[in-house]
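Biologist: Please take a close look at one part of this structure, the surroundings of the ligand. Then follow the chain outwards from there, in one connected account.

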Amino acid sequence: MQSDTLLISPDDLILITGAAGFIGSRLVENLLDGGYRNLRCFARPSSAGGRIEALSDLHRDRARIEVFKGNLLSPEDCAAATKDVAVIFHLAAARGEKSFPDAFMNSVVTTRNLLEASLLHGCLLRFVNVSSFVVYTNMQKPTWRLLDESCPIEKHPAQRGDAYCFAKVKQEEIVTEYGKKFGLPYVIVRPGYVYGPGNEGITGRVGIGTFGVFLHLGGSNRVPFTYVDNCADAIALAGLKQGVDGEVFNVVDDNLPSSRQFLRLYKRSVERFRSIYVPHALSYGLCYLWELYSKWSEGQLEPTFNRRIWHSYWKKSRYSNAKIKMRLGWMQKVATQDGFRRYFEACRRRVQSA
Ligand SMILES: NC(=O)c1ccc[n+]([C@@H]2O[C@H](COP(=O)([O-])OP(=O)(O)OC[C@H]3O[C@@H](n4cnc5c(N)ncnc54)[C@H](OP(=O)(O)O)[C@@H]3O)[C@@H](O)[C@H]2O)c1
């Protein structure tokens with residue numbers, strides 16, 4: 001990266017929230033490899049599986065890596081963590097959370113606390129909010145249309161029946177509000193599905209395992225995969241490049257496999273299991289029936305499946321990464337083929353150790 005296009009110098013203080021997480025830990029490595037020497041890594045003391053120890057063990061020549069143990073729900077922790085910080089990479093979020101209140105607390109209230117604390121100190125040059133493709137609605141979009149940053153956001157996220165989507169939409173809203181009201185400089189990054197060692201599950205965009213059989217729902221859809229190191233690279237660029245305040249960037253790799261191709265590769269490379277393909281018209285009909293019954297039964301059946309989910313997850317779409325390439329100069333460093341090889345190896349290890 002050319003240094004005259006950079007927002008900060010290698011010694012400026014950078015805060016990474018969610019630093020012990022799947023993507024956050026790779027972002028920390030990416031920044032260190034890029035020569036950034038002053039990192040504050042925010043992690044919850046309860047972070048599982050030796051992740052904090054792994055952060056504490058990181059070393060690079062002349063780098064200062066501070067592990068800040070705290071909780072973003074605490075305004076005091078946020079105030080202490082944001083002191084003297086030039087760039088915040090905000091990755092902490094409630095992922096896989098089913099409860100709306102918990103998702104809201106750990107993705108929205110936490111973000112608000114962090115934004116408030118940043119305003120207090122007045123030294124922040126960029127707040128990078130890591131959002132997600134889940135915020136997009138594909139409802140009004142024709143089949144196979146290109147999904148890019150100009151596509152509309154879910155207007156009724158509560159009706160999606162997905163706490164994660166609800167929280168990510170609200171999180172983006174609060175970040176843009178602080179940008180407008182208080183002039184807080186921000187960039188939003190929206191990754192597709194981030195895969196790699198450390199996240200070995202099969203995305204729901206491909207299908208759902210239920211009652212001992214895997215329902216394959218994706219079919220010929222492309223899956224918006226991005227390999228974890230490619231994604232970390234994109235997030236780093238979004239925080240470091242000058243002149244992109246207020247912009248939104250999708251992150252998705254090139255040469256995406258279809259859901260069917262992915263599933264075939266997975267079965268060949270990791271493990272065999274039974275799957276049944278559910279054609280798009282049928283999955284749409286089932287989602288609609290589920291939605292109707294859930295309404296009719298006044299919530300007796302959770303609205304887990306509905307037409308909004310179907311449009312977002314299983315409708316045929318194409319995805320664009322043109323903007324991030326053009327404005328940030330992002331390039332996919334780990335080829336899709338290599339990414340899948342590493343991912344399948346990790347999946348195999350997990351299956352063998354189970
Ligand atoms: N993985 C994907 O496919 C994907 C796709 C699109 C967008 N994203 C976004 O990318 C970001 C990182 O995701 P990830 O996959 O790396 O998730 P992850 O591994 O679950 O990491 C999230 C981290 O946030 C931390 N956290 C949650 N609540 C917190 C709180 N109250 N205070 C402090 N830390 C808190 C968690 O701490 P603990 O370790 O203590 O639980 C966890 O380490 C998220 O914003 C997510 O929405 C992910």
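**The ligand shell and what stands behind it**

Modeller: The shell around the ligand is made up of 13 nonpolar residues, ten polar ones and two charged ones. The model is a predicted one, and the description below should be read with that in mind. The shell counts 25 residues, and those that come nearest to the ligand are Gly18, Gly21, Arg44, Ala93 and Val194. Three elements supply two or more residues each: helix 1, helix 4 (100–121) and strand 8 (193–195). Helix 1 is the main contributor, giving three residues to the shell.

Helix 1 is therefore a reasonable place to begin, since no element gives more residues to the shell, and the question of direction comes next. This helix covers residues 22–33 and lies across strand 1, strand 2 (38–43) and strand 4. Its direction is at about 160° to that of strand 1.

One residue of helix 1 can be followed in detail, namely Leu31. Leu31 has 27 C-beta neighbours inside 10 Å, and because the cut-off for a buried residue is 20 or more, it counts as buried. Beyond its neighbours within four places in sequence, Leu31 makes contact with Ile14, Tyr36, Leu39 and Ala236. Pro10 is 21 residues away from Leu31 in sequence, and the two C-alpha atoms are 9.4 Å apart in space.

The strands under helix 1 belong to a wider arrangement. Seven strands form an open sheet in the order 3-2-1-4-5-7-12, and the pairing is parallel. Its edges are strand 3 (64–69) and strand 12 (248–251), each of which pairs on one side only. On average, neighbouring strands in this sheet are turned by 15° against each other, direction ignored.

Within that order, strand 1 (residues 14–17) pairs with strand 4 (residues 87–90) in the parallel sense, over four bridges. Two positions of strand 1 show the register: Ile14 has Val87 in strand 4 as its bridge partner, and Ile16 stands opposite Phe89 in strand 4. Ile14 is also one of the contacts of Leu31, which ties the helix back to this strand pair. On its other side, strand 4 pairs in the parallel sense with strand 5 (residues 126–130), again through four bridges. There, Ile88 has Phe127 of strand 5 as its bridge partner.

Is strand 4 covered on both faces or on one? Both are covered: Val87 and Phe89 are buried on one side, and Ile88 and His90 are buried on the other.

Helix 3 (residues 75–82) also packs against this sheet. Its buried residues are Asp77, Cys78, Ala81 and Thr82. Viewed down the axis of helix 3, these residues fall within an arc of 115°, so they line one face of the helix. The spacing follows a general rule: an α-helix has 3.6 residues a turn, so residues three or four places apart point the same way. The cover over the buried residues of helix 3 includes strand 1, strand 2, strand 3, strand 4 and helix 4. Helix 4 is also among the elements that give two or more residues to the ligand shell. After helix 3 comes Asp84, which has a positive phi, near 65°.

Further along the chain there is another sheet. It is open, has three strands in the order 9-10-13, and its pairing is mixed. Strand 9 (207–210) and strand 13 are the edges; each has a single partner strand, so one side of each is left without a neighbour in the sheet. Neighbouring strands here are turned by 25° against each other on average, direction ignored. Strand 9 pairs with strand 10 in the antiparallel sense, over four bridges, and Ile208 stands opposite Leu215 in strand 10.

Helix 7 (residues 259–269) meets this sheet. Its buried residues are Ser259, Phe262, Leu263 and Tyr266. They take up an arc of only 95° around the axis, so they sit on the same side of helix 7. The cover over them includes strand 10 (213–216) and strand 13 (275–277).

A last point lies further along the chain. Ala335 is in the loop between helix 10 (322–328) and helix 11 (336–353). With 14 other C-beta atoms within 10 Å, Ala335 is partly exposed. Its C-alpha is 35 Å from that of Leu114, a residue 221 places away in sequence.

How values were computed
Residues numbered from 1 in each chain as written. Predicted model: local features only at pLDDT ≥ 70, side-chain atom pairs only at ≥ 80, totals over all residues. Pairing = 2+ DSSP bridges. Axes fitted to C-alpha atoms, helices over the stretch in contact; angles between N-to-C directions. Contact = placed C-beta atoms within 7 Å. Buried ≥ 20, exposed ≤ 12 C-beta atoms within 10 Å, placed from the backbone. Arc of directions from axis to C-beta. Near = placed C-beta within 6 Å. Nonpolar A, V, L, I, M, F, W, Y, C, P; charged D, E, K, R; others polar.
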